[in-house]
Amino acid sequence: MPEGHTIHRLAARHAELFAGDKVHTASPQGRFAEGAARLTGNVLDGTEAYGKHLLHHYAGELTLHVHLGLYGKFADGPGEPPPPVGQIRLRLNSDRHWVDLRGPTACELLTPPEVAALRDRLGPDPLRADADPDRAYARIRRSGTPLAALLLDQSVVAGTGLIFVTEALFRAGLPPDRPGRALTPTGWAELWADLVDLMTLAVRRGRIDTVRPAHLPEAMGRPPRVDRHGGEVYVYRRPGAPCHVCGTGISRGDLAGRNLYWCPTCQPG
Ligand SMILES: [Zn+2]
């Protein structure tokens, strides 16, 4: 599933392409036909990302909400849109550009109270200037739940997925199963600041890189990472491989059906 940086990049991209323009919308597949009919002809005022949720705000208090989920994808291009191919839930275009959305978990219109309700059920997003990390810590410090599970819970922190969470815990030297209540206020302040840094870098690069300069391939004389996800990381999907810091084999464990990765030496229990 795309992590928050991808959604923030899409929000910026869509604003760049369409903000201030009247857009035409359609649902070639039909599943968003009613929404597209209400949306078409409206001017896009602006976009924003909140965690993994993308919002387009149109004139007249009309908001389009998209959650990509596991399979959702956007494509875009200049000029006239090509003939529709496959299951296009939403096609949106101006005179200059088009985007197609396929396979989202959510593609719907929201009223202002529904937008407020969506925000209320999400924790602070490290990529947003208005994020309040104290809100997340108020949940974390009272909880016996493992830190990894808390940080993956979008109602605690929004936008973080498995890569950011496992990597930030490694960089903090915290084992993923440490209960939330064992995290000190200073520990949380550092962890939050690191999430802000890592996610901001990922927005800039369009991929997740978490490795400090001393542990980059060039610095260590090791081959670069080869993976669908691309970036240089410490533990994510490196089970059994030597830790870039201490050489210990990276561990893998299960958390509610999801794989977790950590270094047993750098993140002692
Ligand atoms: Zn290590």
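Which residues have the most contacts inside the largest nonpolar core? The legends below start with the whole chain and get to that core in the third view. This is a predicted model, where local features need pLDDT of at least 70, side-chain atom pairs count only at pLDDT 80 or more, and totals for chains, interfaces and linings use all residues. Residues are numbered from 1 along each chain as its sequence is written.

**View 1. The whole chain, with its eight helices and ten strands.** Helices (H or I, at least four residues) and strands (E, at least two) are DSSP runs, numbered from the N terminus. The radius of gyration is 20 Å, close to the 18 Å that the globule rule gives for 269 residues, so the protein is as compact as a globular protein of that length. That radius is taken over C-alpha atoms, and the globule rule is 2.2 Å times the number of residues to the power 0.38. Along the principal axes, the C-alpha trace spans about 60 × 40 × 30 Å. Of the 269 residues, 37% count as buried. Here buried means that 20 or more other C-beta atoms lie within 10 Å of a residue's own, exposed means 12 or fewer, and partly exposed is in between, with C-beta atoms placed from the backbone.

**View 2. Where domain 1 (4-120) touches domain 2 (133-262).** These bounds come from an automatic or database domain assignment. The two centres, taken over C-alpha atoms, are 30 Å apart. Seven residues of domain 1 are in contact with eight residues of domain 2, and contact means C-beta atoms, placed from the backbone, within 7 Å. On the domain 1 side, helix α1 (residues 4-18) gives the largest share, four residues. By class, that side has one nonpolar, four polar and two charged residues. Ala, Val, Leu, Ile, Met, Phe, Trp, Tyr, Cys and Pro count as nonpolar, Asp, Glu, Lys and Arg as charged, and the others, Gly among them, as polar.

**View 3. The largest nonpolar core, with 61 residues.** Back to the opening question: Leu151, Phe164, Leu169 and Val235 have the most contacts inside this core. A nonpolar core is a set of buried Ala, Val, Leu, Ile, Met, Phe, Trp, Tyr and Cys residues joined through C-beta atoms within 7 Å. Helix α6 supplies the largest share of the core, six residues. Domain 1 and domain 2 both give residues to this core, so it lies between them. In soluble globular proteins, nonpolar side chains tend to be buried together.

**View 4. Helix α6 (residues 162-172) and its surroundings.** Nine of the eleven residues of α6 are buried, so the helix is largely enclosed by the rest of the structure. Look for Ile163, Phe164, Val165, Thr166, Glu167, Ala168, Leu169, Phe170 and Arg171, the buried ones. Their cover includes α5 (147-152), α7 (185-205) and β10 (258-262). Just after the helix comes Gly173, with a positive phi of about 70 degrees.

**View 5. Val235 and Tyr236 beside α6 residues such as Thr166 and Glu167.** Leaving out residues up to four places away in sequence, Val235 touches Thr166, Glu167, Phe170, Ile250, Tyr261, Trp262 and Cys263. On that basis, Tyr236 touches Leu162, Ile163, Thr166, Glu167 and Tyr261. Tyr236 sits in the loop between α8 (217-220) and β9 (251-255), and counts as buried because it has 24 C-beta neighbours inside 10 Å. Tyr236 and Glu167 are 69 residues apart along the chain, with 6.7 Å between their C-alpha atoms. UniProt lists residues 234-268 as "domain: FPG-type" in an unreviewed entry; its annotations may be inferred rather than shown by experiment, positions follow the numbering used here, and feature names are shortened.

**View 6. Two loop residues with positive phi, Glu61 and Arg237.** Neither is a glycine: phi is about 55 degrees in Glu61 and near 55 degrees in Arg237. Glu61 is in the loop between β3 (53-58) and β4 (62-67), and with 11 C-beta neighbours inside 10 Å it counts as exposed. Arg237 belongs to the loop between α8 and β9, where 17 C-beta neighbours inside 10 Å make it partly exposed.

Technical notes
Two residues are in contact if their C-beta atoms, placed from the backbone, lie within 7 Å.
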